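Let's walk through this model together, beginning with its strands and ending with the surroundings of its ligands. Please keep the structure open as you read.

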Amino acid sequence: MKMSSLGLLASMCMVLMLVAGVHCWSKEGHIMTCQIAQSLLKPEVDEVVRHLLPPYAKGDLSSLCVWPDQIRHWHKYQWTSPLHFIDTPDDACSFDYARDCHDPHGKEDMCVAGAVTNFTSQLLHYKEGTADRRYNMTEALLFLSHFMGDLHQPMHIGFTSDRGGNSIELRWFRHKSNLHHVWDREIILTAEKDYYEKDMTLLLQDIEANYTDGAWSDDTSSWTHCDDLDSCPSKYAAESIAIACKYGYKGVEPGVTLADDYFDSRMPIVMKRVAQGGVRLAMFLNRALGDDDGQEEGVASPT
Ligand SMILES: *[C@@H]1O[C@H](CO)[C@@H](O)[C@H](O)[C@H]1NC(C)=O
Ligand SMILES: *[C@@H]1O[C@H](CO)[C@@H](O)[C@H](O)[C@H]1NC(C)=O
Ligand SMILES: *[C@@H]1O[C@H](CO)[C@@H](O)[C@H](O)[C@H]1NC(C)=O
Ligand SMILES: [Zn+2]
């Protein structure tokens with residue numbers, strides 16, 4: 001991990017929070033997803049990724065995976081704001097691209113599933129040398145990497161009226177929080193504190209052990225099975241809203257206190273989604289930026 005660039009991001013984040021009331025969601029989740037992904041890139045793809053990153057990232061994709069959250073309220077990037085989530089009809093517990101993937105004004109494709117497809121196709125054109133010169137490939141890489149993470153956070157695909165749990169205020173153990181934030185960050189922070197001496201790299205090692213030869217190692221080929229990069233994001237969105245209904249919203253009323261029971265039962269789900277997001281991001285990047293035509297499964301062995 002490159003502390004200098006992360007430190008810079010963290011302080012930018014603080015300034016934004018003070019100045020604009022912007023929240024910096026799910027820093028840890030995005031960083032872990034991107035670290036997992038980068039460790040699974042084919043060598044030639046890792047090279048392209050490093051080439052696209054600005055020099056101050058020092059080749060570390062994860063150091064900039066939170067960037068899209070930091071700029072979403074800047075005037076220049078306001079168009080990206082609806083790309084972090086999907087509002088689905090209350091209690092429908094399903095995702096339908098044509099019904100749900102639009103911004104609040106009804107503009108089609110402006111949701112996190114549409115964004116993943118959009119930036120994947122920009123990177124594919126880049127590799128093929130047919131990139132639209134208007135598009136910035138560094139930004140395409142960072143947006144794809146961030147939005148693949150958001151797509152896997154179950155509460156980013158939530159109900160419309162409570163804004164994905166953001167307006168469900170509650171207590172997380174002893175402090176105030178909301179349901180969206182519990183899934184974005186609280187569960188990960190509590191896990192780090194209780195089990196990993198607040199050291200994210202120890203947590204990440206456990207997650208990696210689980211998908212390389214532990215509890216999830218038999219599942220990873222199904223995670224990366226994808227016949228068509230254009231439509232797989234919809235599948236991931238459907239998984240997220242199903243989890244949001246079954247485990248996120250389940251038994252949660254405004255004003256409740258969530259503690260050990262909720263934490264113990266939901267933590268494994270959050271960790272698995274972080275891993276799935278990372279493994280799938282690697283698959284997308286390997287297929288979009290790799291040397292062959294990208295038909296094979298595309299997850300190299302971990303390095
Ligand atoms: C795709 O990206 C371009 C800029 O790179 C942007 O103008 C467009 O709105 C994006 N669409 C979606 C669905 O993300
Ligand atoms: C692409 O975007 C990055 C991040 O916003 C920026 O630093 C860089 O200057 C842009 N590159 C071009 C060629 O516009
Ligand atoms: C790894 O898998 C085990 C067994 O399913 C589970 O108990 C543990 O919580 C997992 N660890 C992480 C960090 O996901
Ligand atoms: Zn986001």
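Two strands count as paired if DSSP finds at least two bridges between them. With that in mind, turn to β3 (residues 169–172) and β4 (residues 175–178) in this predicted model: the two strands run antiparallel and are joined by four bridges. Within the pair, L170 stands opposite S177 of β4. Two residues lie between the strands of this hairpin, and F173 takes a positive phi near 50° there.

Now step back to the whole protein. Its fold contains 12 helices and five strands. Of the 303 residues, 42% are buried. Among contacts with a separation of 6 or more, 72% are between residues 24 or more positions apart.

Next, let's visit the ligands. Which residues surround ligand 1? You will find W79, L83, D109, M110, G114, A115, N118 and Y135 around this ligand. Sorted by character, this shell has five nonpolar residues, two polar ones and one charged one.

Ligand 3 has its own surroundings, made up of D206, I207, N210, G214, A215, P268 and M271. Two elements, α9 (200–212) and α12 (260–289), each give two or more residues to this shell. Helix α9 supplies the largest share, with three residues. By character, the shell around ligand 3 divides into four nonpolar residues, two polar and one charged.

Technical notes: Residues are numbered from 1 along each chain as its sequence is written. Chains are lettered from A and ligands numbered from 1 in the order in which they are written. This is a predicted model: local features need pLDDT of at least 70, side-chain atom pairs count only at pLDDT 80 or more; totals for chains, interfaces and linings use all residues. A residue is near a molecule or strand if its C-beta atom, placed from the backbone, lies within 6 Å of it. Ala, Val, Leu, Ile, Met, Phe, Trp, Tyr, Cys and Pro count as nonpolar, Asp, Glu, Lys and Arg as charged, and the others, Gly among them, as polar. A residue is buried if 20 or more other C-beta atoms lie within 10 Å of its own, exposed if 12 or fewer, and partly exposed in between; C-beta atoms are placed from the backbone. Two residues are in contact if their C-beta atoms, placed from the backbone, lie within 7 Å.
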